[in-house]
Amino acid sequence: MGLLEQCEELFKTSNLYEVLGVCKESPDSEIRRGYYKVSLQVHPDRAPGDELATTKFQVLGKAYAVLADKDQRAVYDEQGIVDEDSETLDQDRNWEEHWRRLFPKITLQDILDFEKQYKGSDEEVEDLKRLYLQHEGDMDLIMESALCCTYEDEPRVKDILQKAIDAEEVPAYKAFTHESAKKKNNRKRKAKKESKEAEEMQKEMGLNSEDSLVAMIKQRQQSKENGFNSLISDLEAKYCKKPAAGKKGKKK
């Protein structure tokens, strides 16, 4: 399966720009930031209940690599194709090493500060409106895609979107305004199940600190077995030095 087909299957779109949450006219800096923001959503450490998290993370890296390369991006923009045989999309590529080359180290506090500053910001509001439009008001998909959001954030997310609807900044999709109680309850049950699984995993790892996220990150950072899954080595949000490279392609 080619990259575009993988994107369609995993991210519900074969458009590389939509996968990264940016527009076609976005400069390199916005594409990099979009990449990091989506990375926070699909990284295996952040989505322990998602069996496809590792695959999504790898496919996301490939999508970014295509758009980060000037020549590949030009070919994709003009013809809608990517070079499946390029080094950029090499199946055996060492992604941990690739990340380490591209991004400097950041601290635990950098990651936590990013989440703290992002929540409630104008940037989050714009991102939520984009997701609302992309998923036509489907709260299941919006909550799955929203950055730094858990089920507890749902009332806040709904309030943000309702205000945008009232201000006529986005249309009033029926999927949002008339969501069934059954659909809401299913989402709640799923969230509770995932929360329970996360708690069990924390107990297995011996975590009893209130700040279990920090404790988990520290523990995983110390383990060589979690090289690829290390949140610290991988999620270098906002700190990219320069883009990757690549070439031509296969049709959408």
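**Exercise 1. The pocket lining**

By class, how many nonpolar, polar and charged residues does the lining of the second largest pocket have?

*Solution.* The model is predicted: local features need pLDDT of at least 70, side-chain atom pairs count only at pLDDT 80 or more, and totals for chains, interfaces and linings use all residues. Residues are numbered from 1 along each chain as its sequence is written, and side-chain values use heavy atoms, with hydrogens and water left out.

Step 1. Fix the terms. A pocket is an open set of points on a 1 Å grid over the protein atoms alone, with protein on both sides within 12 Å along at least five of seven lines; lining residues have an atom within 4 Å of a point. Ala, Val, Leu, Ile, Met, Phe, Trp, Tyr, Cys and Pro count as nonpolar, Asp, Glu, Lys and Arg as charged, and the others, Gly among them, as polar.

Step 2. Take the lining. It has 20 residues, and Gly21, Val22, Lys37, Glu123 and Asp127 lie nearest the pocket centre.

Step 3. Sort by class. The lining has eight nonpolar, five polar and seven charged residues.

Step 4. Add the volume, the space filled by probe spheres set on grid points joined across faces, edges and corners. The second largest pocket holds about 250 Å³.

**Exercise 2. Helices around the pocket**

Find which helix supplies the largest share of the lining of the second largest pocket.

*Solution.* Step 1. Count elements. Helices (H or I, at least four residues) and strands (E, at least two) are DSSP runs, numbered from the N terminus. The chain has 14 helices and zero strands.

Step 2. Pick the contributors. Helix H3 (28-42) and H8 each give at least two lining residues.

Step 3. Rank them. H3 has the largest share, six residues.

**Exercise 3. Two acidic residues on H8**

Is glutamate 124 buried or exposed? Treat aspartate 127 likewise.

*Solution.* Step 1. Place them. Glutamate 124 sits in helix H8 (residues 122-134), and aspartate 127 is in H8 too.

Step 2. Apply the cut-offs: buried is under 20% relative accessible area, exposed over 50%, partly exposed in between (1.4 Å probe, protein chains only). Glutamate 124 has 1%, so it is buried. Aspartate 127 has 11%, so it is buried.

Step 3. List contacts (heavy atoms within 4.5 Å). Leaving out residues up to four places away in sequence, glutamate 124 touches Tyr118, Lys119, Cys149, Arg156 and Ile160. With neighbours within four places set aside, aspartate 127 meets Lys37 and Tyr118.

Step 4. Check polar atoms. A polar atom of the glutamate 124 side chain lies 2.7 Å from the backbone nitrogen of glycine 120. The side chains of aspartate 127 and tyrosine 118 lie 2.6 Å apart at their polar contact (a pair of N or O atoms within 3.5 Å; within protein, one must be able to donate a hydrogen and the other to accept it, and residues adjacent in sequence count only if both atoms are side-chain atoms).

**Exercise 4. The largest core**

Identify the helix that gives the most residues to the largest nonpolar core.

*Solution.* Step 1. Define the core: buried Ala, Val, Leu, Ile, Met, Phe, Trp, Tyr and Cys residues joined through side-chain atoms within 4.5 Å.

Step 2. Find its hubs. Of 26 residues, Leu3, Phe11, Leu16, Leu20, Leu60 and Val82 touch the most other members.

Step 3. Assign helices. Helix H1 (3-11), helix H2 (16-20), H3 and helix H4 (53-68) each supply at least two residues of this core. H4 gives the most, eight residues.

Definitions and conventions. On a 1 Å grid over the protein atoms alone, a cavity is a set of points where a 1.4 Å probe fits but cannot get out, and a pocket is an open set with protein on both sides within 12 Å along at least five of seven lines; lining residues have an atom within 4 Å of a point.
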